[in-house]
Amino acid sequence: MNIFSRLRGSGSAPGSSPAASDPDAPAGAGMRTIRALVSGQVQGVGFRWYCTEEAQRLGLVGRVSNLPDGDVKVLAQGPADAVSQLVAWLHHGSRWARVDDVRLTELPPGSLTQSDFRPGN
């Protein structure tokens, strides 16, 4: 716990995992990295834009891209609880989207090197 944490009266932010605020925790501790393939009516309906907005709101890094087969690919990394919130959002998507399926793959924590979340193609 540093001096600023003591002044605030807490060693971690509300809702954050202890590993995320522990400087001695192994790299990637408390982090989650996923690849999601989202299928349905998810192109041409603002899905990438709204996904980017949601991921940025949650403080995640990564990318969302259209695929030639009509699916959308999402790579996301951040605190495990925030990634879980994005995954829940992916199951319904934007207002005009129709999500039929979300195929999720867990990737090694900390494997993305982006410093922000942005749409691709």
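Is Arg32 buried or exposed? Arg32 is buried, because its relative accessible area is 17% and buried means under 20%, with exposed over 50% and partly exposed in between (1.4 Å probe, protein chains only). The points below set this residue in its surroundings.

1. Basis of the note. This is a predicted model, in which local features need pLDDT of at least 70 and side-chain atom pairs count only at pLDDT 80 or more, while totals for chains, interfaces and linings use all residues. Residues are numbered from 1 along each chain as its sequence is written, and side-chain values use heavy atoms, with hydrogens and water left out.

2. Overall layout. The protein chain has 4 helices and 5 strands. Helices (H or I, at least four residues) and strands (E, at least two) are DSSP runs, numbered from the N terminus. Read from that end, the order of elements is α-α-β-α-β-β-α-β-β. Of the 121 residues in the protein chain, 35% are buried. Contact here means heavy atoms within 4.5 Å. Among contacts between residues at least 6 apart in sequence, 75% join residues at least 24 apart.

3. Strand pairing. Two strands are taken to pair if DSSP finds at least two bridges between them. Strand E1 (31-41) pairs with E3 in the antiparallel sense over 8 bridges. One of the bridge pairs links Leu37 to Lys73 in E3. E1 also pairs with E4, again in the antiparallel sense, over 9 bridges. There, Gly40 has Val99 of E4 as its bridge partner.

4. Arg32. This residue is found in strand E1. Its side chain makes a polar contact of 2.6 Å with the side chain of Glu106. A polar contact is a pair of N or O atoms within 3.5 Å; within protein, one must be able to donate a hydrogen and the other to accept it, and residues adjacent in sequence count only if both atoms are side-chain atoms. Leaving out residues up to four places away in sequence, Arg32 touches Ala76, Gln77, Gly78, Ala80, Val83, Ser84, Leu104 and Glu106.

5. The nonpolar core. A nonpolar core is a set of buried Ala, Val, Leu, Ile, Met, Phe, Trp, Tyr and Cys residues joined through side-chain atoms within 4.5 Å. The largest one has 24 residues, and those with the most contacts inside it are Phe47, Cys51, Leu60, Val74, Leu86 and Leu90. At least two residues of this core come from each of E1, H3, strand E3 (72-79), helix H4 (80-90) and strand E4 (98-107). H4 gives the largest share, 6 residues. For Leu60, contacts beyond four places in sequence include Ala55, Ala76, Pro79, Ala82, Val83, Leu86 and Phe117.

6. Helix H4. The buried residues in H4 are Ala82, Val83, Leu86, Val87, Trp89 and Leu90. They fall within an arc of 160 degrees seen down the axis of H4, so they line one face of the helix; the arc is that of the directions from the helix axis to the C-beta atoms. These buried residues pack against E1, H3, E3 and E4.

7. The annotated site. The UniProt annotation "active site", from an unreviewed entry, covers Arg48 and Asn66. The positions are given in the numbering used here, feature names are shortened, and annotations may be inferred rather than shown by experiment. The two residues span 19 residues in sequence, yet their C-alpha atoms are no more than 7.9 Å apart, so they gather at one spot. A polar contact of 3.5 Å joins their side chains, Asn66 to Arg48.

8. Surroundings of the site. Arg48 lies in helix H3 (residues 47-57) and counts as partly exposed at 22% relative accessibility. Asn66 lies in strand E2 (residues 61-66) and is buried, with a relative accessible area of 18%. Beyond four places in sequence, Arg48 touches Val64, Ser65, Asn66, Val72, Gly120 and Asn121. On the same basis, Asn66 touches Gln43, Arg48, Asp71, Val72 and Asn121.

9. Arg63. This residue is in strand E2 and, at 30% relative accessibility, counts as partly exposed. Arg63 and Gly120 are 57 residues apart in sequence and 6.3 Å apart in space, C-alpha to C-alpha. Outside its neighbours within four places in sequence, the contacts of Arg63 include Lys73, Val74, Leu75, Phe117, Gly120 and Asn121.
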